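Here is a quick tour for anyone meeting this structure for the first time. Have a look around, then read on.

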Amino acid sequence: MALTTCPSCSKRISDKAKSCQYCGFLTGTASEEDLLRQKRMQTIKRSQSLNNQSLLAMLLFVLGFGYMYWGGTRPEETEYYIAMTCSGIGLFWYVINRVRIVIEKRFK
Ligand SMILES: [Zn+2]
């Protein structure tokens with residue numbers, strides 16, 4: 001018994017299985033067109049997820065930065081460091097996501 005990848009959910013399943021045990025995708029009866037459609041759906045879902053993460057990261061950065069500047073906190077207060085950390089994480093996360101989006105578009 002060998003393992004293969006489910007075209008729908010990308011989990012490892014047996015190549016003898018007629019359907020995926022995780023998502024119920026019928027591997028035995030799937031045509032080339034079905035597999036292609038599933039792949040395209042996965043690509044769209046991944047790209048949407050990356051875009052959503054970018055948006056969240058940007059929001060975290062803006063909120064942290066905004067609170068640091070206009071929240072009335074001073075550099076020696078804990079809130080200032082929390083806001084600074086939030087904006088730092090947001091910025092870092094955003095940059096990582098932009099790189100992932102570029103890689104996704106270039107190589108897939
Ligand atoms: Zn599956």
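## Buried spots in α1

Let's start inside helix α1, where Ala57, Phe61 and Gly64 are buried. Part of what covers the buried residues of α1 is α2. Keep in mind that this is a predicted model.

How does the length of α1 work out? With 39 residues at 1.5 Å a residue, α1 should span 57 Å, and the 56 Å between its end C-alpha atoms agrees with that.

## The partner helix, α2

Which residues are buried in α2? They are Ala83, Ser87, Gly90 and Asn97. The covering works in this direction too, since α1 is included in what covers the buried residues of α2.

The length check can be run on α2 as well. Its 30 residues, at 1.5 Å each, should span 44 Å, and its end C-alpha atoms sit 43 Å apart, which agrees.

## How the two helices pack

Now put the two together. Helix α1 takes in residues 32–70 and helix α2 residues 78–107, and they pack at an angle of about 155°, their axes being 7 Å apart. That angle is over 145°, the cut-off for roughly antiparallel, so α1 counts as roughly antiparallel to α2.

Is the crossing of α1 and α2 left-handed or right-handed? It is left-handed. As for what makes up the contact of α1 with α2, its residues divide into 18 nonpolar, seven polar and four charged.

## Between the helices

Next up is the link. Glycine 71 is found in the loop between α1 and α2. With 14 other C-beta atoms within 10 Å, glycine 71 is partly exposed, because that count falls between the 12 or fewer of an exposed residue and the 20 or more of a buried one.

What does glycine 71 touch? Leaving aside residues up to four places away in sequence, glycine 71 touches Glu79 and Ala83. Ala83 is itself one of the buried residues of α2. Threonine 29, on the other hand, is 42 residues from glycine 71 in sequence and 59 Å from it in space, C-alpha to C-alpha. Also following α1 is glycine 72, with a positive phi near 75°.

## Two residues on the helices

Arginine 46 belongs to helix α1. It is partly exposed, having 14 other C-beta atoms within 10 Å. Between arginine 46 and arginine 74 there are 40 Å in space, C-alpha to C-alpha, and the two are 28 residues apart in sequence.

Over in helix α2 you'll find isoleucine 96. Isoleucine 96 is partly exposed, with 14 other C-beta atoms within 10 Å. Serine 19 is 77 residues away from isoleucine 96 in sequence, and the C-alpha atoms of the pair are 36 Å apart in space.

## A loop with a positive phi

One last stop, away from the helices. Where does serine 10 lie? It sits in the loop between β1 (3–5) and β2 (12–14). Serine 10 is partly exposed, and 14 other C-beta atoms lie within 10 Å.

Its backbone is worth a look. Most residues other than glycine have a negative phi. Serine 10, which is not a glycine, has a positive phi near 65°.

Methods
Residues are numbered from 1 along each chain as its sequence is written. This is a predicted model: local features need pLDDT of at least 70, side-chain atom pairs count only at pLDDT 80 or more; totals for chains, interfaces and linings use all residues. Axes are lines fitted to C-alpha atoms, for helices over the stretch in contact, and angles run from 0 to 180 degrees between N-to-C directions. Helices (H or I, at least four residues) and strands (E, at least two) are DSSP runs, numbered from the N terminus. Angles under 35 degrees count as roughly parallel, over 145 as roughly antiparallel, 65 to 115 as roughly perpendicular and the rest as oblique. A crossing is left-handed if the near helix is turned anticlockwise from the far one by less than a right angle, and right-handed if clockwise. Ala, Val, Leu, Ile, Met, Phe, Trp, Tyr, Cys and Pro count as nonpolar, Asp, Glu, Lys and Arg as charged, and the others, Gly among them, as polar. The expected span of a helix is 1.5 Å times one less than its number of residues. Two residues are in contact if their C-beta atoms, placed from the backbone, lie within 7 Å.
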